[in-house]
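Here is a friendly walk through one part of a protein model, with its sheet, its helix and its aromatic rings in view. Have the sequence and structure open as you read.

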Amino acid sequence: LLSQVGEKDALVIHIVDLFDFHGSVISGLQRFVGNNPVILAVNKIDLLPKVTNWNKIRNWVQKEAKELGLKVEDIILCSAKQNQGFDRLLDIVGSMRGDRDVYVVGATNVGKSTLINRLISDYSDLDEELTVSRYPGTTLDTVSIPLDDGRAIIDTPGIVYESRYTELVNKQDLAALMPEKPIKPAVYQLNAGQSLFFGAMARFDFIEGERQSFTFYMNNRLNIHRTKLERADELFEQHAGEMLAPPTKEHLADLPSWTRHELRIAKRQMMDVFISGLGWIKVNSDQGALVAVHLPKGVKVMLRPSLI
């Protein structure tokens, strides 16, 4: 479906989730859209702490998009939920659209339907409630919404990336992963040989390095439990799904078994350990560290330059 976009004269809005940037970005988008212009709408900025420097965030997004091979005409930081940045997005769509259809592309759960409703209310006489019922998250074909000038907004199906934690858990546990309110970062001073559990969703081991602080940007509904690395396996075996929850034992059994990712952060590098769908861990020291992350098999884990 995406490859059809490159065959048409179109304006493409690629919407991504800032909280899960590397999990929701369509890295191969360029080969699908050809020479058509792309606007990158970076949604869910309301989840970041209020003291965030937005110019730095914008520069970070620009750099990461370039690293992924994306060519974008503009980057708009926005919040569909709080209605921030949408006026600017609409202005840019208005000035760039010309005589073209607008294609909206993105992964699942990035806020695509909210964006489309805003476009419809600005560019069409249609009742915007029409679209809400059309987005159960299971649309398998494009949905064309006619505009007043004879062109259309084309909604493409949300792409499912199974490397995102949010695609693996059941609906009950989704609320523990996806924050509703701005994140309050949790800072922990750790010695080498200490581990942290995030419910039974993930485990973080500090294996080697000087005593240092790590900042955790995750949903504040997740309970964090500290223990010694040597006791971590035993603790998980005995208490996963009960003291360490969510998920419950029953839901834990439905997830893939855990796999271990070892990551080395070099000295004088400000890095995040990014976990798709769960959040990220900022390594605050420039002394370097050896860490490990334990997660259900298949969930994307990577080192990236610090977002904040």
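## A sheet, a helix and some rings

In this predicted model, F197 stands opposite R203 in β9. That position belongs to the pairing of β8 with strand β9 (residues 202-208), which is antiparallel and runs over five bridges.

Let's step back to the sheet. Five strands make up an open sheet, in the order β11-β8-β9-β15-β12, with antiparallel pairing. At the edges are β11 and β12 (258-265), each of which pairs on one side only. From one strand to the next, the twist averages 20 degrees. Helix α8 lies across β8, β9, β11 and β12, and runs at about 125 degrees to β11.

On edge strand β11 (residues 224-228) you will find T227. Is T227 buried or exposed? T227 is buried, because its relative accessible area of 9% is under the 20% cut-off. Leaving aside residues up to four places away in sequence, T227 touches Q194, S195, F197, A232 and L235.

Now for the rings. A pair of aromatic rings is described by the distance of the centres and the angle of the planes. The count here comes to ten aromatic pairs, and two of them are set out below.

| Pair | Centre distance | Plane angle | Arrangement |
|---|---|---|---|
| F197 and F236 | 6.1 Å | 5 degrees | stacked |
| F198 and F216 | 5.2 Å | 45 degrees | tilted |

The pair of F197 and F236 links distant parts of the chain: F197 is in strand β8 (residues 194-198) and F236 in helix α8 (residues 229-239), 39 residues apart. Why does F197 count as buried? Its relative accessibility is 0%, and buried means under 20%. F236, in contrast, is partly exposed, with a relative accessible area of 21%.

The pair of F198 and F216 also connects distant parts of the chain, with F198 in strand β8 and F216 in strand β10 (residues 212-218), 18 residues apart. F198 counts as buried at 2% relative accessibility, and F216 is buried at 2% as well. Both F198 and F216 belong to a cluster in which ring pairs link Y188, F198, F204, F206, F214 and F216.

One more ring deserves a look: where does R304 lie with respect to W280? R304 lies over the face of W280, at 5.0 Å from the ring centre.

Technical notes: Residues numbered from 1 in each chain as written. Predicted model: local features only at pLDDT ≥ 70, side-chain atom pairs only at ≥ 80, totals over all residues. Heavy atoms only, no water. Helix = DSSP H or I, 4+ residues; strand = E, 2+ residues; numbered from the N terminus. Buried < 20%, exposed > 50% of the residue type's maximum accessible area, 1.4 Å probe, protein only. Contact = heavy atoms within 4.5 Å. Phe/Tyr/Trp six-rings, centres within 6.5 Å; stacked < 30°, edge-to-face > 60°. Lys NZ or Arg CZ within 6 Å of the ring centre and 35° of its normal. Pairing = 2+ DSSP bridges. Axes fitted to C-alpha atoms, helices over the stretch in contact; angles between N-to-C directions.
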